[in-house]
Each structure stands twice: as structure tokens, then as C-alpha cells.
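Please open the model in your viewer and keep the sequence panel beside it. The stops below say what to select at each point and what can be found there.

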Amino acid sequence: MSIPKYVFDAIISRFPKNYSLAFAYGSSVFPQSNKLVDNTAMVDFIFAVDNPSSWHKSNMEMNHNHYSLVKYAGSEFIKNLQEHFGAKVYFNTLVNVENRLIKYGVISTSNLIEDLLDWQTLYISGRLHKPVQILNKIENLELQSALKTNLQSALHSALLCLPETFTEEELYIKIAELSYCGDFRMYFGEDKQKVQKIVKNQMPHFKKLYAEELQLMPLLYWSQNKSIIEQDNSSATTLHHLFLLPKRVQHNLLVTWNRDGRFRDMEDVLQSVAHDPDCSEMVKKAIQNITLLPSITQSAKGILTAGVLKSIKYSSRKLKKMVKSMT
């Protein structure tokens with residue numbers, strides 16, 4: 001059973017109200033079985049805020065003990081640490097709110113929109129490829145549009161990596177894999193069956209998230225009764241998907257294609273990739289090159305923002321989950 005909405009409402013009431021988006025995610029939000037959610041399991045949140053310095057200042061007044069020693073450097077320092085290192089997110093972890101252990105990240109609204117549209121880091125946009133529990137009414141129209149574009153981009157990317165016929169579950173697994181494919185934590189400290197568990201236990205949520213976009217996708221047939229999808233794999237359709245990929249993915253394809261020293265513009269490169277039999281592998285590599293560095297630098301930043309003791313405790317929890325998944 002999932003956590004009741006009133007619990008989420010009670011938790012976010014303990015934070016400054018001036019956020020453009022607040023959502024909860026993870027196995028505590030979408031349980032991986034029908035068992036009751038363990039009250040000791042950590043719940044993950046993200047807050048997108050228009051003014052990080054002001055938000056952190058207010059939050060330190062309300063929740064001073066959530067922060068490590070960096071709080072003594074002030075809210076402007078925390079804002080700069082958030083926006084100029086790692087994946088442009090600041091996390092406080094292993095804090096107790098309303099008798100629940102939580103971790104929460106803070107990102108600026110502008111950086112979130114940029115990540116949703118262009119996949120600059122895929123750190124938060126990748127989380128939003130998967131079902132999340134949105135906890136507020138989204139009034140920012142630019143953010144609303146970017147959230148929709150992010151889902152469309154995930155669908156275009158996944159379709160490029162799938163054969164002519166596949167199941168709904170295979171599609172959602174491919175989508176869920178996008179933000180993990182280059183994440184070093186998947187090799188150290190994460191549940192080895194994480195992606196499969198996410199999809200298997202959230203199929204109805206994935207379907208609800210992508211149903212509208214699937215129905216609007218050209219040259220694609222979705223048999224909902226049989227959960228089978230068929231797509232046109234011609235070079236023309238492949239090119240259509242490539243042209244609609246986020247800018248960062250397209251840029252990585254351009255850099256790879258021009259490594260021989262010759263210069264081709266973006267249109268020429270995408271035309272060539274569309275006809276290449278290794279197109280899907282090139283797209284996967286282009287996405288992997290986005291996620292690798294932010295996953296490393298964000299984890300390194302976590303040692304500073306959480307503090308050494310909390311970092312060790314948090315890492316040990318992750319390792320236990322990884323070992324459990326291997327047994």
C-alpha cells in the first residue's frame with residue numbers, strides 16, 4: 001500500500017511554500033509489493049524553487065538541523081554550491097520530518113526547465129521519466145510545457161532503441177533505463193534489479209503517464225488489449241525521432257560523428273545516423289555521455305552537503321539494498 005496523501009501534505013507543510021514544483025518519488029512512494037510501506041524507509045522529495053538563495057535562507061530558519069556545517073557559510077554559498085557543482089541540485093538527506101525519514105533535493109526552476117528540455121544532466125529530468133507523486137498545482141506554464149516535452153523526448157529516445165515490435169513493458173523498461181545507462185552508481189551501491197522492479201510494479205502508472213503521447217505518436221500502432229506496440233523502423237521515421245531528441249543528445253551525436261576531423265552540420269549528421277545500422281547504439285552512447293559525469297560529481301558534492309557521517313550512513317543503506325538484490 002502506498003503512503004497516504006495526507007502524510008505527504010504534512011511533510012511538505014514543514015518547508016517554505018515558495019516552490020514551483022514539489023514531488024515525491026521512489027520505492028516508498030510506489031511500493032514494489034502489496035505489503036505495507038515500512039515507516040522506517042526513506043522517502044525522497046524534490047523541490048523546484050524560483051529563488052534558491054531565498055528558499056534556503058527560509059528553510060534554514062525553519063529546519064536548521066537539516067543542513068551540514070555548510071549552513072554556517074550562508075544561503076548564498078549554498079545556492080552557489082547547488083547551481084555550480086554536480087547536477088545543479090542540493091540534497092539534504094536522512095532528516096526526520098513528521099516521524100518520517102526523508103531525503104530532499106532543491107533545484108532552481110530555471111535549471112529544471114533547462115534539464116527537462118535539453119537533458120543537460122538528466123538527473124532530475126530522468127527521474128521525471130518515471131512515475132512520481134506531484135504534490136502541488138503547477139502554475140508555471142513554461143514548466144508545464146517542459147514536463148510534457150521531457151516525456152515526449154523519453155518516448156522518442158526509447159523508440160530509437162527498440163525493434164519493430166515490442167511489449168509495453170519493454171518500452172517502459174527502455175524509458176526507465178535512459179537516466180541510469182551512464183550512472184556510475186548502478187555499478188556500485190544500487191539494486192542491480194532496480195529498473196526491472198520499477199517498471200514491473202508500476203505498470204499502470206507508466207501507462208497513465210505515457211498513454212496520451214503513445215496515442216499521438218505517428219506511425220505507431222498500440223494494441224492496448226495485448227499490450228503490444230508496433231512501430232515503423234524506416235530511416236524516415238528514425239530521422240523524425242532523431243530531430244526531436246533533446247539538444248544535448250543531438251550535440252553528443254554530432255561530436256561523435258565529427259571525430260574524424262571533418263565538419264558536418266547537425267542536419268547532415270542526423271541524416272547519416274538515421275541510415276546507420278548502429279543508430280540505436282549511438283543514441284544510447286550519446287545519452288550515457290550525459291549522465292556519467294553529473295552522477296559522479298553530484299555524489300561527491302553529497303559528501304559536503306550531507307556531512308561525512310550521514311554520507312557513510314546513506315551509502316551503507318544503498319550497499320545493503322545492492323547486496324540484497326544480488327541474493
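In which helix is lysine 197 found? Select residues 194-200, which form helix 7, and lysine 197 will be found within that helix. With a relative accessibility of 24%, lysine 197 counts as partly exposed, where buried means under 20% relative accessible area, exposed means over 50%, and partly exposed lies in between (1.4 Å probe, protein chains only). Now add proline 31 to the selection: 166 residues separate it from lysine 197 along the chain, yet their C-alpha atoms are separated by 9.8 Å.

Before going further, bear in mind that this is a predicted model, in which local features need pLDDT of at least 70 and side-chain atom pairs count only at pLDDT 80 or more, while totals for chains, interfaces and linings use all residues. Residues are numbered from 1 along each chain as its sequence is written, and side-chain values use heavy atoms, with hydrogens and water left out.

Next, show the whole chain as a cartoon. The secondary structure comes to 13 helices and eight strands, these being DSSP runs numbered from the N terminus (H or I of at least four residues for helices, E of at least two for strands). Of the 327 residues in the protein chain, 52% are buried.

Now select strand 6 (residues 165-167), strand 7 (residues 220-223) and strand 8 (residues 228-231). These three strands form an open sheet in the order 6-8-7, with antiparallel pairing, where two strands pair if DSSP finds at least two bridges between them. Strand 6 and strand 7 stand at the edges, each with a single partner strand, so one side of each has no neighbour in the sheet. Ignoring direction, neighbouring strands of this sheet are turned by 20 degrees against each other on average.

Stay with the sheet and look at its bridges. Strand 6 is joined to strand 8 by three bridges, and threonine 167 has isoleucine 228 as its bridge partner. Strand 7 pairs with strand 8 over four bridges; here leucine 220 stands opposite glutamine 231, and tryptophan 222 has isoleucine 229 as its partner. Strand 7 and strand 8 form a hairpin with four residues between them, and serine 227 in the turn has a positive phi of about 55 degrees. If side chains are displayed along strand 8, they alternate: Ile229 and Gln231 point to one face and are buried, whereas Ile228 and Glu230 point to the other and are not.

Add helix 6 (residues 168-177), which lies across strand 6, strand 7 and strand 8 and runs at about 85 degrees to strand 6.

Move on to helix 10 (residues 247-257) and helix 11 (residues 266-275), which pack at an angle of about 85 degrees with their axes 10 Å apart. Axes are lines fitted to C-alpha atoms, for helices over the stretch in contact, and angles run from 0 to 180 degrees between N-to-C directions. The two helices are therefore roughly perpendicular to each other, a term that covers 65 to 115 degrees. Gln250, His251, Leu253, Leu254 and Trp257 in helix 10 meet Met266, Val269, Leu270, Ser272 and Val273 in helix 11, contact meaning heavy atoms within 4.5 Å.

Finally, select helix 3 (residues 75-84), whose buried residues are Ser75, Ile78, Leu81, Gln82 and Glu83. Helix 3 is followed by glycine 86, which has a positive phi near 65 degrees.

Methods. Parallel < 35°, antiparallel > 145°, perpendicular 65-115°, else oblique.
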